[in-house]
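Here is a brisk report on one protein chain. The sequence and the model come up next, and the text then goes through sheets, rings and single residues.

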Amino acid sequence: MIKVLIVDDDFMVAKVHAGFIQRTAGFTVVGAAHTGAQAVVETQRLQPDLVLLDIHLPDINGLDLMHRLREVAPELDVLVISAAREVETVRKALRGGIVHYLIKPFSQADLQERLDHYRSAYHGLDSSKDVAEQSDVNKVFGLDSAAAQRPLPKGCSVETLRLVEGALKGADGDLSAAEVAEQLGTSRVSARRYLEYLHDEGLLEVRLKYGVGRPERRYLPKA
């Protein structure tokens with residue numbers, strides 16, 4: 001489970017973002033901070049994997065705070081969430097080594113897409129592999145987006161396909177189309193269309209669960 005600390009001066013906004021994260025498979029919110037000073041204390045105490053960091057804080061600029069947070073948690077990753085749109089601010093954030101920059105306001109789907117990418121790419125590097133392949137590095141930098149390269153069935157979107165892939169990767173075991181649909185808020189028919197597409201592409205294996213009536217198809221990412 002990836003531990004997330006939310007740093008935002010607005011209490012209600014932080015609560016909304018916490019709700020978004022808690023509904024994303026594989027992530028848990030361990031705390032929230034509303035000033036830079038509080039963020040340093042909470043980061044040192046909680047040692048989160050990822051911080052959702054606002055830039056406009058009452059006592060310090062978020063980009064300056066980022067360096068202080070890494071002093072108390074050297075392995076910390078940072079995802080900036082801010083209304084700041086200035087190009088120089090974005091450039092400074094990128095130079096500081098953030099994993100993504102998400103401009104407010106954004107939807108749950110927007111945040112979930114970034115979190116799913118972080119989980120599968122950045123966090124996925126913390127594996128048993130001693131050496132990274134070029135494909136592993138490409139994935140981190142968004143150059144190996146198979147979903148964006150593969151032709152999709154009519155009526156399907158890359159964004160929803162990524163959410164389906166994220167749900168499967170974040171699950172403890174196999175999932176049915178009904179379970180994926182419930183998690184993502186889509187129809188069972190739509191979820192199954194994406195799952196069957198991923199299976200046809202050789203990315204999923206199917207297990208049949210027998211009971212009353214037709215066997216249930218359950219899907220699992222290939223190792």
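## Two sheets and some local detail

Five strands make an open sheet in the order β2-β1-β3-β4-β5, and the pairing is parallel. The edges belong to β2 and β5. Each has a single partner strand, so one side of each is left without a neighbour in the sheet. Neighbouring strands here are turned by 20 degrees against each other on average, direction ignored. This is a predicted model.

**Strand β4 and its partners**

Strand β4 covers residues 77–82. How many of its 6 residues are buried? The count is 5, so the strand is mostly covered. In the sheet order, β4 sits between β3 and β5. With β3 it pairs in the parallel sense over 4 bridges. One of the residue matches is V51 with V78, the latter in β4. The chain gets from β3 to β4 through helix α3, residues 62–72. That β-α-β crossover is right-handed.

The other partner is β5. Strands β4 and β5 also pair in the parallel sense, over 4 bridges. Here I81 has L102 of β5 as its bridge partner. Helix α4, residues 87–95, joins with β4 and β5 in a right-handed β-α-β unit.

**The second sheet**

A further open sheet holds 3 strands in the order β6-β8-β7, with antiparallel pairing. Strands β6 (175–176) and β7 (204–209) stand at its edges. Each of them has a single partner strand, so one side of each is left without a neighbour in the sheet. Strand β8, residues 216–221, pairs with β7 in the antiparallel sense over 6 bridges. In that pairing, V206 has Y219 of β8 as its bridge partner. Helix α8, residues 158–170, lies across β6, β7 and β8. The helix runs at about 85 degrees to β8.

The bridge partners named in both sheets are set out here.

| Residue | Bridge partner | Strand of the partner |
|---|---|---|
| V51 | V78 | β4 |
| I81 | L102 | β5 |
| V206 | Y219 | β8 |

**An aromatic pair**

The model has 1 aromatic pair, counting ring centres within 6.5 Å. Its rings belong to F27 and Y118, with centres 6.4 Å apart and planes at 40 degrees. Why is the pair called tilted? Planes under 30 degrees apart count as stacked and those over 60 as edge-to-face, so an angle of 40 degrees falls to the tilted class. The pair links distant parts of the chain. F27 is in strand β2 (residues 27–33), while Y118 is in helix α5 (residues 108–122). They are 91 residues apart. Are the two residues buried or exposed? F27 is buried, at a relative accessible area of 3%. Y118 is buried as well, at 1%. Both values fall under the 20% limit for a buried residue. F27 also places one end of this pair in β2, an edge strand of the parallel sheet.

**Two glutamines**

Q38 is placed in helix α2. At 32% relative accessibility, Q38 counts as partly exposed. Beyond its neighbours within four places in sequence, Q38 is in contact with A32 and A33. The Q38 side chain also reaches the backbone nitrogen of H34, at 3.0 Å. How far is Q38 from V7 in space, C-alpha to C-alpha? The distance is 8.8 Å, although 31 residues separate Q38 and V7 in sequence.

Q47 follows in the loop between α2 (36–46) and β3 (50–53). Its phi is near 50 degrees, a positive value in a residue other than glycine. Q47 is partly exposed, with a relative accessible area of 35%.

**A cis bond**

Which peptide bond is cis? The bond from K104 to P105 is, and its omega is near -5 degrees. P105 is found in the loop between β5 (100–103) and α5. On one side of this loop is β5, an edge strand of the parallel sheet. On the other side is α5, the helix that carries Y118.

Technical notes: Residues are numbered from 1 along each chain as its sequence is written. This is a predicted model: local features need pLDDT of at least 70, side-chain atom pairs count only at pLDDT 80 or more; totals for chains, interfaces and linings use all residues. Side-chain values use heavy atoms; hydrogens and water are left out. Rings of Phe, Tyr and Trp (its six-membered ring) pair if their centres lie within 6.5 Å; planes under 30 degrees apart count as stacked, over 60 as edge-to-face and the rest as tilted. Buried means under 20% relative accessible area, exposed over 50%, partly exposed in between (1.4 Å probe, protein chains only). Two strands pair if DSSP finds at least two bridges between them. Contact means heavy atoms within 4.5 Å. Axes are lines fitted to C-alpha atoms, for helices over the stretch in contact, and angles run from 0 to 180 degrees between N-to-C directions. A polar contact is a pair of N or O atoms within 3.5 Å; within protein, one must be able to donate a hydrogen and the other to accept it, and residues adjacent in sequence count only if both atoms are side-chain atoms. A crossover is right-handed if, with the strands pointing away from the viewer, the path from the first strand over the helix to the second runs clockwise.
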